[in-house]
Amino acid sequence: MSVASGSTATATTVTADTRTGYRGRFAPSPSGALHLGSLAAALGSWLDARAHGGTWLIRIEDLDAARVAPGAADTMVRTLAGLGLESDEPILVQSTRRDAHEAAFRQLAEEQLTYPCACTRRHTAAGPYAGTCRNGPQGQPPWAWRLRLPATEQCGFEDAFQGLCQFHFQQLGDPVLRRRDGLIAYQLAVVVDDGFQGITDIVRGADLLDATAWQLQIRRHLSLPEVRHGHLPLVEGPDGRKLSKSESAASIATLAPGEALVEALRALRQSPPEGLSREPPGVVLSWATTHWNPSVLRLTEKPEVQFDPF
């Protein structure tokens, strides 16, 4: 299955009234080759979908054209297919959904939930956005547009792997919905597209744990059905830091399919038997599905809050 830049997916809108069962997804940005961290996220979401007898989708999140590497989406999809990880439905290309993203932004704006912000990365690099422009932009356009969060409230949710997670909106700051360059921001687009595809379960890396609070609030404002979340441990290097894309991409480029899948299983704290890496993908995935053990995915420490970029 391939993805053509700018192609229109034939996915069908699924509403709260028509969706049934488990619907998960893997939604990478095509900024480069598939790397070990991305593969672990893809495999974890695929395994959780299979464990629930559910549907697993691939969505290409390519809104930020400046970050899209030519041919990366097709290469990524082919790599996943070679590992036995294929979308159960036509692949959705996010850039074909711009009208829907704009409509959602207008809805939030009409409900007076947004405000223009003249602050730059320099103003927000040290911590959560302090609401400087809540009463009017403190500078000249171009402006970003932010969601006005209830500063005195908390957002709590039960994560499938991490248990109860709670964030205070004041701790996170108001997220950007439209960037200064006019693009609809990730936090809004991902919610709109998950709703469109009827996603019920989102399994992804723990670096997006705090963003879940923003996205749940956006989802509620748009009257979209609730979803369940499960956040996976991040792939780390020998120094305990998150492995960079270049390092982890290089680490799987030379691996046979069975070896790559077993490396991803180990990153997910599963315990594949000796010799499984020499088997074809179908055998590895069969073992992994039978022995999927999400109880080992609990983090000892929650990752640091990642503040919303422009």
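Let's start with helix α6, residues 186–196, which lies across β1, β2 and β3 and runs at about 140° to β2. Axes here are lines fitted to C-alpha atoms, for helices over the stretch in contact, and angles run from 0 to 180 degrees between N-to-C directions. Helices (H or I, at least four residues) and strands (E, at least two) are DSSP runs, numbered from the N terminus.

A word on the source. This is a predicted model, where local features need pLDDT of at least 70, side-chain atom pairs count only at pLDDT 80 or more, and totals for chains, interfaces and linings use all residues. Residues are numbered from 1 along each chain as its sequence is written, and side-chain values use heavy atoms, with hydrogens and water left out.

Now the overview. The chain has 10 helices and 10 strands. Of its 310 residues, 50% are buried. Buried means under 20% relative accessible area, exposed means over 50%, and partly exposed is in between, with a 1.4 Å probe and protein chains only. Take the contacts with a separation of 6 or more: 78% of them come from residues 24 or more positions apart. A contact is heavy atoms within 4.5 Å.

Back to the sheet under α6. Three strands form an open sheet, in the order β1-β2-β3, with parallel pairing. β1 (23–26) and β3 (92–93) stand at the edges with a single partner strand each, so one side of each has no neighbour in the sheet. Two strands pair if DSSP finds at least two bridges between them. Four bridges join β1 to β2. There, R25 stands opposite L57 of β2. On the other side, β2 (residues 55–60) pairs with β3 over two bridges. I60 sits opposite V93 in β3. And β2 is mostly covered, with five of its six residues buried.

α6 is not alone on these strands. Helix α1, residues 36–51, lies across β1 and β2, and runs at about 150° to β2.

Which helix packs against α6 at about 110°? That is α3, residues 98–110, and the two axes are 9 Å apart. So α3 is roughly perpendicular to α6. The cut-offs: under 35 degrees is roughly parallel, over 145 roughly antiparallel, 65 to 115 roughly perpendicular, and the rest oblique. α3 brings A100, H101, A104, F105 and L108 to the contact, and α6 brings L188, A189, V192 and D193. Remember the general rule: an α-helix has 3.6 residues a turn, so residues three or four places apart point the same way.

Next, the cores. A nonpolar core is a set of buried Ala, Val, Leu, Ile, Met, Phe, Trp, Tyr and Cys residues joined through side-chain atoms within 4.5 Å. The largest one has 41 residues, and L39, L43, W56, L80 and L85 make the most contacts inside it. α1, β2, α2 (72–82), α9 (257–267) and α10 (281–290) each supply at least two of its residues. The most come from α1, which gives nine. Another core, of 27 residues, lies apart from it, and includes L63, A211, L216 and L222.

On to α7, residues 211–221. How many of its 11 residues are buried? Nine, so to speak a mostly covered helix. The buried ones are A211, T212, A213, W214, Q215, L216, Q217, I218 and R219. Just after α7, S223 takes a positive phi of about 60°.

One residue in α10 is worth a look: S286. S286 is partly exposed, at a relative accessible area of 43%. S286 and L47 are 239 residues apart in sequence, yet 9.9 Å apart in space, C-alpha to C-alpha.

Elsewhere, there is an antiparallel pair. Strands β6 (residues 154–159) and β7 (residues 163–168) are joined by six bridges. A hairpin of three residues connects them. The bridge partner of D159 is G163 in β7.

Last, the cysteines. How many disulfides does a search of the whole structure find? Zero. A disulfide here is a pair of cysteine sulfur atoms within 2.5 Å. Why is C133 not bonded to C119? Because their sulfurs are 3.8 Å apart, too far for a bond. Both cysteines are covered: C119 is buried at 5% relative accessible area, and C133 is buried at 1%.
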